[in-house]
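Dear colleague,

Please find below the structure that I am handing over to you. A summary of what was found in it follows.

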2 protein chains.
Amino acid sequence: MLEALFRPQSVAVVGASQDRSKIGNIILRNIIASGYRGKLYPINPRAGEIEGLKAFPAVSALGKGAVDLAVVAVPAPSVLEVARDCGEAGVKALVVISAGFKETGKEGLEREKELVAICRQYGMRLLGPNCVGVMDTHTPLNASFAAGFPHRGEIAFISQSGAMLVAILDWSVREGIGFSQFVSMGNKADLDETDLIEAAARDPHTKVILCYLEDIREGQRFLEVAERVTREKPVVVLKSGVSEAGAKAASSHTGALAGSNIAYDAAFRQAGVIRVTTMRELFDLAVVFARQPVPRGRRVAVVTNAGGPGIVTADSVERQGLEMARFSRETAEELRSRLPREASIFNPVDVLGDARVDRFQVAIEKVLADENVDGVLVLTCPTAVSDPEGVAKVMAELHARFPHKPMLGVFMGGETMAGGVEVLNRAGIPCFTFPELAVGALAGLVRYGAIQARPPKEEVPAYPDVRPGEVRRILERARQERRRALLSSEGAAVASAYGIPVAPIKLAQRAAEAVTIAAEYGYPVVLKVASPDILHKTDIGGVRMGLKTPEEIRQAFWDVMESATRHFPRANLYGVEVQKMYPKGVELIVGMTRDLQFGPLLAFGLGGIYVNLLKDVAFRLSWGLGLREVEAMIRETKAYDLLRGFRGEKPCDLKAVVDVVGRVARLVTDFPEIVELDINPVFAYPEGAVAVDVKITIG
Amino acid sequence: MLEALFRPQSVAVVGASQDRSKIGNIILRNIIASGYRGKLYPINPRAGEIEGLKAFPAVSALGKGAVDLAVVAVPAPSVLEVARDCGEAGVKALVVISAGFKETGKEGLEREKELVAICRQYGMRLLGPNCVGVMDTHTPLNASFAAGFPHRGEIAFISQSGAMLVAILDWSVREGIGFSQFVSMGNKADLDETDLIEAAARDPHTKVILCYLEDIREGQRFLEVAERVTREKPVVVLKSGVSEAGAKAASSHTGALAGSNIAYDAAFRQAGVIRVTTMRELFDLAVVFARQPVPRGRRVAVVTNAGGPGIVTADSVERQGLEMARFSRETAEELRSRLPREASIFNPVDVLGDARVDRFQVAIEKVLADENVDGVLVLTCPTAVSDPEGVAKVMAELHARFPHKPMLGVFMGGETMAGGVEVLNRAGIPCFTFPELAVGALAGLVRYGAIQARPPKEEVPAYPDVRPGEVRRILERARQERRRALLSSEGAAVASAYGIPVAPIKLAQRAAEAVTIAAEYGYPVVLKVASPDILHKTDIGGVRMGLKTPEEIRQAFWDVMESATRHFPRANLYGVEVQKMYPKGVELIVGMTRDLQFGPLLAFGLGGIYVNLLKDVAFRLSWGLGLREVEAMIRETKAYDLLRGFRGEKPCDLKAVVDVVGRVARLVTDFPEIVELDINPVFAYPEGAVAVDVKITIG
């Protein structure tokens, strides 16, 4: 896929110029300098010769099928004509470097749409416009105007920012970090992150895929592709723009807690994508993923010649969610017999300040051989007898003998360590100056190990018992009455139609009617004011609980109506809703808000009136949500501790709670017009669970 | 203070040797190489000449008062004799490099104690033993066996790990980071972190004090000194050993939540010390503290020539608790008129990829001049026309014109940026490759700004109404009965004696007695089983609430006794305690556990049965705790949001809650035998607060 972009047989540079300060010329020279071995054609209306190559007036002048890839660097107004010419000539892929499209306003946007239409018409794929270009170090090809070409390596970097790409290129060359592909996506008019991740996944030279993203163009397609790709290769993303664009006026708890950043988090988690928040992490992870194996677990052994830095490393192991390995008795005995008496043979293994290479050799070999160890960090500090180069050589040798366990170096110091660092670099063992960075990189490997080993994608349950017809009728009625908020009784009916157990509730227009309903349900009951205009009823005294007699109901009816009228004089009051009162269980919230990019975003957590205070809520996209993932979502919350039976209480019916969440997911998938939903509380009991208050907003 | 250690007029190296591989020789050469200008005497029993200097058989051979500082590198068994000889000769300070003391076991510990005794006897201060030595770049003096000498600078580094010190030295030389002092504390037999922080505070060349600590020797003294020092100079500490030494069997909620790491956190916070968790942070902060001014606030302006990296920086600003500045209208107008139309004149200011130095100049100058801006980050990426060196020069010039606003650089790239980075280094403007590090450094400056500007240390309130006599009697009785846990009624009496409002509670041995007490209090009441052996009464059904009639009390009495006997057949049952039932208020916990190092550690947070689940608890040491700090502690919790009136509820009586915490602090300070205390819940009301359950454990 995208062979024409990354491995074209022939390339044309449209807008090539004899003027060396012009971008068209720079691109041509970059392609030549990168060692590109295919055919290369400068295109310039005045033809002649450019950089020693014969130029042509147009791509079509080369004849049909002569060019796989055209790199376009002409002024924006000429791009469409060039694109048509390329299309006629059978070009397979265009890289449009030129700016002057969507990013410049309305006219540019029109031009961009037309460009895409032309590409579609001729079946050409398009990178850009307004991009830096594309590089593949294995082809090799540098079809960009960036200065420099990366070292050959196994990392693909896909960037939505051209400046970022150029800066990273410059940095990586000095740091000696190698890449397979470098792609600048520009305006993403056609090819976007999903296409390019898919291409990198198929590229045999790429082991790790890095992205810098500002947005995702097609949420669903991204999720599908990334979920598949991350089973084979790690995808690490730095997504910028964490602050929400203005606080939105959310009418639900879920809406108030969620936001597009949380939706992105959920999307990346569900797709197995590793999201980082700093550039440093992005590249530390890339290097370690490219060069070290994925460990089987999170048990780390540390070998050090210095106590203090060893403790700092152990702290970091704990802080970053890894575990200090406990050695087997054999390992401990071997270390005891072969290291000096003062050495610490527990983890971290301290071979002491007077250690020479031999002690490192013993310690590293023994801990690598221990099956209770999943990965090894070797930490050396400068001492009178230290020999960083020797230690590095031993590490390289042992890494070759134990290739399935990741090994990283922490060589603390400056010039003294330079030789050792060099040896490690050559051996593919990442090396850091400070322990926390090495631990962070190892933690990334462990994290990817869990992602890669996850079970196959689940089936979404079928729920053959759902009754969409009923829901459709209720929503239709509300729409006709131009109500955005459903009544509690309607919400309950919707939930019930989807198999969610609800506390029965009915509308009563008069007090007498309320008494009749109560007699039907049995006492005690709850009265709630019924009005499409009043969402948070409790706050205005619109709810009365635990009513035990007809007299109490009549009194409550008038109290509630009076209070509602006082707070919302213009509210449309339908009467009250009478609900059977259930004993209090563990209070949960199950909610949904709709994300523009990714669709329904589900929330689960501690319910009740303190939802927004405690913020104990986990999120998932409803996309492909199976019950295993629902359970994982529940486990992330403190509510889960309550469900398991906190402080000696009976455990609750987890299966019933999972079922409620699963059915909500199905409901909001079936009905896109439901824009927000809060079930708060859901009471969970040792047997079963019941939805007590269902708020639904339609759009 | 410690002049003899850092600025001695004369130095003797005891154990100096002609053999260049020996530590004694290395130290001598290090002193010479560092350019030390005082008198220098090699001491060796065989005398002769060493490294061109006349050697002496003993320090005393030089005559009384001839030597200020003796650096001792002889085998451990000879150290005591050397120390006595130095004492006789009037030496003022000893640096004992030799190992073979406390770190080697019992014999070594004895030797160390004797060494300290000798130093005390002669009034000598002692650094070490088992240390690398001491350096002062301004004296200059390198009295250590470390290879190399740091660049001259304004950072003091005090390390409990010799290896760490040597590694950092090596690293800093290559990075070009300068230091004023480097101190290796070794076993801290005499001089410890507190002494050395105090010395660095008085050193005119030191602007920032960095510590690597594994423990603190004297908690109280450290707190007092650090609280004072941090008002003048920043103290940044990396304290290792975050994992607790085994889970302790805590009998209180507070005990279960707290631990020595939390006590250290509280200590550092209360003393104004900045605690970091990584070595990278330690040095990033040091550099920025040494070179840039403390800003007045946290409003950051970002000037960039690249959009993507600008967004990443803005994200980081938000994530690290800083704020993107909003420019004044004048600034916006100036930028609008002097930058191209496509430039973003809002924050981040994007001067665009085709910007040359002039646009950076305009943008940086205008945002620096804006009074809504407290600090500036300048971010440059490589472009076709970028001139990092030129931008750096402009920054240096503008920094000189606006010396009171911190300015930092983010020069993203490699070789392209090297010239610019060099210029910034010379101008004292810290420069980073990735934005998050620069933001982190700026956040550190802002944090120190708040520390420095904090109001003077508060008075601890006097509480003239406390009645320690009553408490003493209750504790005495429990001690005589060999009970570690007080009864609820005793706990309430203790709290009450210290002016804490409590829900009245009395012990009843028989059901009839319980009924009498209830009549006295008025219904409803609560019954709790009374036994020194049962701590968590609720868990075993040992509590009955809301009893409204004598009959209910009689029934509850037998229920509770039966349940207690069933769960704890061997428990010593005193009967029940009858307590007046209070209406439910906001449920809080106020607790205390005693830290070995720092004394009473107070806890405040959300109370009730979910304390351990929600873990919404803030901690403070009782040391010097005033009411302003108590309020700050309360504000850290979510409980504070409830106290302020969550979701339309009436605000609670914050003053009453603060008073409870303050009085608990006084109580546990007056009675060191109280080892743990939990008041859970304290009910807070719109008027007043009341302690409902007071658990006290004595040791």
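I begin with a single pair of residues: in chain A, Leu69(A) stands opposite Ala93(A), which belongs to β6(A). Please bear in mind throughout that this is a predicted model.

The strands around this pair are β5 (residues 69–72) and β6 (residues 93–96) of chain A; they run parallel and are joined by 4 bridges. Both belong to an open sheet of 5 strands in chain A, with the order β2-β1-β5-β6-β7 and parallel pairing. The edges of the sheet are taken by β2 (39–43) and β7 (125–127) of chain A; each has a single partner strand, so one side of each is left without a neighbour in the sheet. On average, and with direction ignored, neighbouring strands of this sheet are turned by 20° against each other.

A helix accompanies these strands. Helix α2 (residues 23–33) of chain A lies across β1 (10–14), β2 and β5 of chain A, and α2 runs at about 160° to β1(A).

Elsewhere in chain A, two helices pack against each other. Helix α7 (residues 219–229) of chain A meets helix α9 (residues 260–271) of chain A at an angle of about 35°, and their axes are 8 Å apart. On the side of α7(A), the contact is made by Phe222(A), Leu223(A), Ala226(A) and Glu227(A), while α9(A) contributes Ala267(A), Phe268(A), Gln270(A) and Ala271(A). Sorted by class, the residues in the contact of α7(A) with α9(A) are 6 nonpolar, 1 polar and 1 charged.

I turn next to the cysteines. How many disulfides are there over all chains? The count comes to 0. Cys211(A), for instance, is in no disulfide, and the nearest cysteine sulfur, that of Cys131(A), is 16 Å away. Cys211(A) is also buried, with a relative accessible area of 0%. In chain B, the closest cysteine sulfur to that of Cys211(B) is in Cys131(B), at 16 Å; a disulfide requires the two sulfur atoms to be within 2.5 Å, so this distance is too far for a bond. Cys211(B) is buried, and its relative accessible area is 0%.

Finally, there is one point from a database record. An unreviewed UniProt entry carries the annotation "domain: ATP-grasp" for residues 492–528 of chain A. In the model, the end C-alpha atoms of residues 492–528 of chain A lie 13 Å apart, and the span is 46% helix and 22% strand.

With kind regards

Note on methods: Residues numbered from 1 in each chain as written. Chains lettered and ligands numbered in written order. Predicted model: local features only at pLDDT ≥ 70, side-chain atom pairs only at ≥ 80, totals over all residues. Heavy atoms only, no water. Axes fitted to C-alpha atoms, helices over the stretch in contact; angles between N-to-C directions. Contact = heavy atoms within 4.5 Å. Nonpolar A, V, L, I, M, F, W, Y, C, P; charged D, E, K, R; others polar. Pairing = 2+ DSSP bridges. UniProt positions renumbered as here; feature names shortened; annotations may be inferred. Buried < 20%, exposed > 50% of the residue type's maximum accessible area, 1.4 Å probe, protein only.
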